[in-house]
Amino acid sequence: MPKDFKIYYCEKITDEISEHVENVLRDLFGLQFRSVGVHIPRVNAWDDHSNAYDARNLLEQMVAERLSFFLWLITVPISLDQKSIFGYAEPLKGTIVSTSKMATRTLVAKEAAYFVGIVLGLSSCRNECLMQSAENFEVLINKPSTLCSTCNAKYNRLKLRYM
Ligand SMILES: [Zn+2]
């Protein structure tokens with residue numbers, strides 16, 4: 001588990017969104033979340049077929065710059081295997097979340113927290129839980145903003161092991 005978790009934005013993310021996301025993440029995970037600055041998606045990660053940036057490609061570019069434990073919040077659409085997605089994460093590496101299909105800061109924070117959870121070692125969960133995988137918009141809207149007792153216990157064990 002890292003001492004702090006870095007947050008990057010694209011230039012169109014508003015302060016209102018970024019501050020809300022940071023507060024939600026801090027309360028939920030009890031870690032230091034540090035806003036690092038603006039990072040612009042590279043044009044060569046654009047995928048013409050899905051009309052979106054390829055999320056895996058964007059993440060690989062960040063990892064190639066030796067970045068780890070980061071959230072990159074962007075406004076442009078992203079896709080994985082040419083399917084439109086809310087976000088993408090790789091455990092112990094980082095995550096990219098797109099606000100393009102999310103109308104409120106509550107939804108953005110919820111989905112950012114889900115993917116940060118994946119980076120920190122949690123996995124998808126079938127309980128009434130933030131860690132429910134949002135396969136569609138309805139799940140995203142209806143799932144809670146908090147961890148279930150199972151995920152919470154798991155997260156506390158992860159924290160003990162690494163900190
Ligand atoms: Zn859970």
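Visitor: Which residues form one aromatic cluster here, and how do you know when two rings pair?
Guide: Phe 5, Phe 33 and Phe 69 form one aromatic cluster. Rings of Phe, Tyr and Trp (its six-membered ring) pair if their centres lie within 6.5 Å; planes under 30 degrees apart are stacked, over 60 edge-to-face, and the rest tilted. This is a predicted model, in which local features need pLDDT of at least 70 and side-chain atom pairs count only at pLDDT 80 or more, while totals for chains, interfaces and linings use all residues. Residues are numbered from 1 along each chain as its sequence is written, and side-chain values use heavy atoms, with hydrogens and water left out.

Visitor: How many aromatic pairs are there, and why is the pair of Trp 46 and Tyr 53 called edge-to-face?
Guide: The structure holds seven aromatic pairs. The ring centres of Trp 46 and Tyr 53 are 5.0 Å apart and their planes stand at 80 degrees, so the pair is edge-to-face. Tyr 114 and Phe 115 also form an edge-to-face pair, with 4.8 Å centre to centre and 85 degrees between the planes.

Visitor: Are Trp 46 and Tyr 53 buried, exposed or partly exposed?
Guide: Buried means under 20% relative accessible area, exposed over 50%, and partly exposed in between (1.4 Å probe, protein chains only). Trp 46 has 33%, so Trp 46 is partly exposed. Tyr 53 has 12%, so Tyr 53 is buried. Tyr 114, at 6%, is buried, and Phe 115, at 10%, is buried.

Visitor: What makes Phe 86 count as buried, and which residues is Phe 86 in contact with?
Guide: Its relative accessibility is 8%, so Phe 86 counts as buried. Contact means heavy atoms within 4.5 Å. Leaving aside neighbours within four places in sequence, the contacts of Phe 86 include Ile 78, Met 102, Phe 115 and Leu 140. Phe 86 lies in the loop between strand S7 (83-85) and strand S8 (87-90); strands (E, at least two residues) and helices (H or I, at least four) are DSSP runs, numbered from the N terminus.

Visitor: Which residues touch the most other members of the largest nonpolar core?
Guide: Among its 58 residues they are Val 21, Leu 25, Phe 29, Leu 71 and Met 131. Helix H3 (residues 105-119) gives the most to this core, with 10 residues. A nonpolar core is a set of buried Ala, Val, Leu, Ile, Met, Phe, Trp, Tyr and Cys residues joined through side-chain atoms within 4.5 Å.

Visitor: How do you know that the span of H3 agrees with its number of residues?
Guide: The expected span is 1.5 Å times one less than the number of residues. For the 15 residues of H3 that is 21 Å, and the end C-alpha atoms are 21 Å apart, which agrees. Of these residues 13 are buried, so H3 is largely enclosed by the rest of the structure. H3 is followed by Gly 121, whose phi is positive, near 110 degrees.

Visitor: What coordinates the zinc ion, and why is the arrangement called tetrahedral?
Guide: The SG atoms of Cys 125, Cys 129, Cys 148 and Cys 151 do so at 2.3 to 2.4 Å. Donors are N, O and S atoms within 2.8 Å of the metal (3.2 Å for Na, K and Ca); water is not among the atoms, so sites may look incomplete. Four donors count as tetrahedral if all angles lie between 85 and 135 degrees; four count as square planar and six as octahedral if opposite donors are over 155 degrees apart and all others between 65 and 115; anything else is irregular. The angles here are 106 to 113 degrees, which makes the arrangement tetrahedral.
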